[in-house]
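Biologist: I would like to go through the labels on this structure one by one. Please set each value against its cut-off.

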Amino acid sequence: MIVDERMVTFINSLDEGHTEFLEQLEKEAREDAVPIVRREMQSFLKFLMAAARPKRILEVGTAVGFSALLMCEYNPEPCQIITIENYEKRIPIARDNFKKAGKEEQIELLEGDAAEILPTLTEPFDFIFMDAAKGQYLHFLPEVLRLLKSGGLLVSDNILQEGDLIESRFAVERRNRTIYKRMREYLYELKHNDELVTSLLPLGDGVAISTKR
């Protein structure tokens with residue numbers, strides 16, 4: 001945890017909650033150890049939907065569909081969401097959740113590797129949410145920037161790796177060093193790319209919010 005646990009508990013205690021369906025979906029996901037966005041990140045996404053009101057959203061990393069449904073439910077504007085998932089076991093679960101929530105017409109799930117799917121997309125997006133394999137963010141970035149509208153928002157979740165990112169490379173477990181290196185490179189690119197203005201926030205497990213000039 002990158003922020004004091006008592007502080008996170010206090011902040012989350014003020015949360016007003018979600019729809020009954022989302023609350024149940026979150027409970028099931030936690031019980032099944034499915035990685036979904038943390039409570040404080042959920043609140044931030046709801047704020048961004050209310051503030052930016054994006055009509056076209058791209059999500060890289062569907063899991064069981066929780067964050068796509070949250071963005072769809074709490075966007076004041078009617079929106080279309082394209083979400084990409086590569087893990088075969090979760091794809092039918094996500095599709096079923098979209099159907100149960102009555103959002104299958106608004107949310108399109110594309111199956112496969114985002115590295116192969118992103119180049120096939122052509123229409124620009126107002127909002128892109130990156131929540132897939134952290135070691136791949138850097139590889140996805142050129143296509144993500146191509147697809148992001150000028151003035152659009154790119155939100156990258158879980159960027160601080162439970163605080164590992166500020167440690168020496170040698171203090172990080174060997175199996176995590178490649179992700180560590182790539183994430184550091186990704187954050188440097190976000191902060192130094194002339195197309196972007198980026199802020200890094202210690203929210204949840206760290207989030208980068210970028211806007212395209």
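**Labels and their reasons**

Modeller: Start with S150, which counts as exposed because its relative accessibility is 59% and exposed means over 50%. Keep in mind that this is a predicted model.

Biologist: Where does S150 sit, and what is S150 in contact with beyond its neighbours within four places in sequence?

Modeller: S150 belongs to strand β5. Leaving aside neighbours within four places in sequence, S150 is in contact with K212 and R213. The C-alpha atoms of S150 and P124 are separated by 9.2 Å, and these residues are 26 apart along the chain.

Biologist: What makes the pair S150 and R213 a polar contact?

Modeller: A polar atom of the S150 side chain lies 2.9 Å from the backbone oxygen of R213. The cut-off is within 3.5 Å, so the distance qualifies.

Biologist: Is β5 as a whole mostly covered or mostly open?

Modeller: Mostly covered: 7 of the 10 residues in β5 are buried. The chain reaches β5 from β4 by way of helix α7 (residues 137–147), and this β-α-β crossover is right-handed.

Biologist: How do you know that β4 and β5 pair?

Modeller: Pairing needs at least two bridges. β4 and β5 have 5, in the parallel sense. So they count as paired. One bridge sets M130 against S156 in β5.

Biologist: Which way does β5 pair with strand β7 (residues 207–212), parallel or antiparallel?

Modeller: Antiparallel, over 5 bridges. S156 has A208 as its bridge partner in β7.

Biologist: Now β1. What makes β1 count as paired with strand β2 (residues 80–85)?

Modeller: The count is 5 bridges, and the two strands run parallel. At least two are required, so the pairing holds. R56 stands opposite Q80 in β2. Together, β1, α4 and β2 form a right-handed β-α-β unit.

Biologist: How many bridges join β1 to strand β4 (residues 125–130)?

Modeller: There are 4, and these strands also run parallel. Here I57 stands opposite F127 in β4. As for cover, 4 of the 5 residues in β1 are buried.

Biologist: Turn to the record. Which residues does UniProt list for "binding site"?

Modeller: The unreviewed UniProt entry lists V37, S67, E85, D113, A114 and D131. The lining of the largest pocket includes V37, S67, E85, D113, A114 and D131.

Biologist: Why is V37 called buried?

Modeller: The relative accessibility of V37 is 3%. Buried means under 20%, so V37 qualifies. V37 lies in the loop between α2 (20–31) and α3 (39–52).

Biologist: Which residues are in contact with V37, leaving aside its neighbours within four places in sequence?

Modeller: They are R30, Q42, F66, S67, F129, D131 and D157. S67 and D131 also appear in the UniProt listing.

Biologist: S67 next. Is S67 buried or exposed, and why?

Modeller: Buried. The relative accessible area of S67 is 4% and the limit is under 20%, so the label follows. S67 is part of helix α4 (residues 66–73). Not counting residues up to four places away in sequence, S67 touches V37, L45, E59 and F129.

Biologist: What makes the link between the side chains of S67 and E59 a polar contact?

Modeller: The distance is 2.3 Å. The cut-off is within 3.5 Å, so the pair counts.

Biologist: Last, the backbone angles. What is the sign of phi at R53?

Modeller: Positive: phi of R53 is near 50 degrees, and R53 is a residue other than glycine. R53 lies in the loop between α3 and β1 (56–60).

Biologist: Why is R53 called partly exposed?

Modeller: R53 has 40% relative accessibility. Buried means under 20% and exposed over 50%, so R53 falls in between.

Biologist: What is phi at N158, and where does N158 lie?

Modeller: N158 has a positive phi of about 60 degrees, although N158 is not a glycine. The loop between β5 (148–157) and α8 (177–192) holds N158.

Biologist: Why does N158 count as buried?

Modeller: The relative accessible area of N158 is 18%. The limit is under 20%, so N158 counts as buried.

Methods. Residues numbered from 1 in each chain as written. Predicted model: local features only at pLDDT ≥ 70, side-chain atom pairs only at ≥ 80, totals over all residues. Heavy atoms only, no water. UniProt positions renumbered as here; feature names shortened; annotations may be inferred. 1 Å grid on protein atoms, 1.4 Å probe; cavity = no way out; pocket = protein on both sides within 12 Å on 5 of 7 lines; lining within 4 Å. Buried < 20%, exposed > 50% of the residue type's maximum accessible area, 1.4 Å probe, protein only. Contact = heavy atoms within 4.5 Å. Polar contact = N/O pair within 3.5 Å; in protein donor to acceptor, adjacent residues only side chain to side chain. Right-handed = clockwise from strand over helix to strand, strands pointing away.
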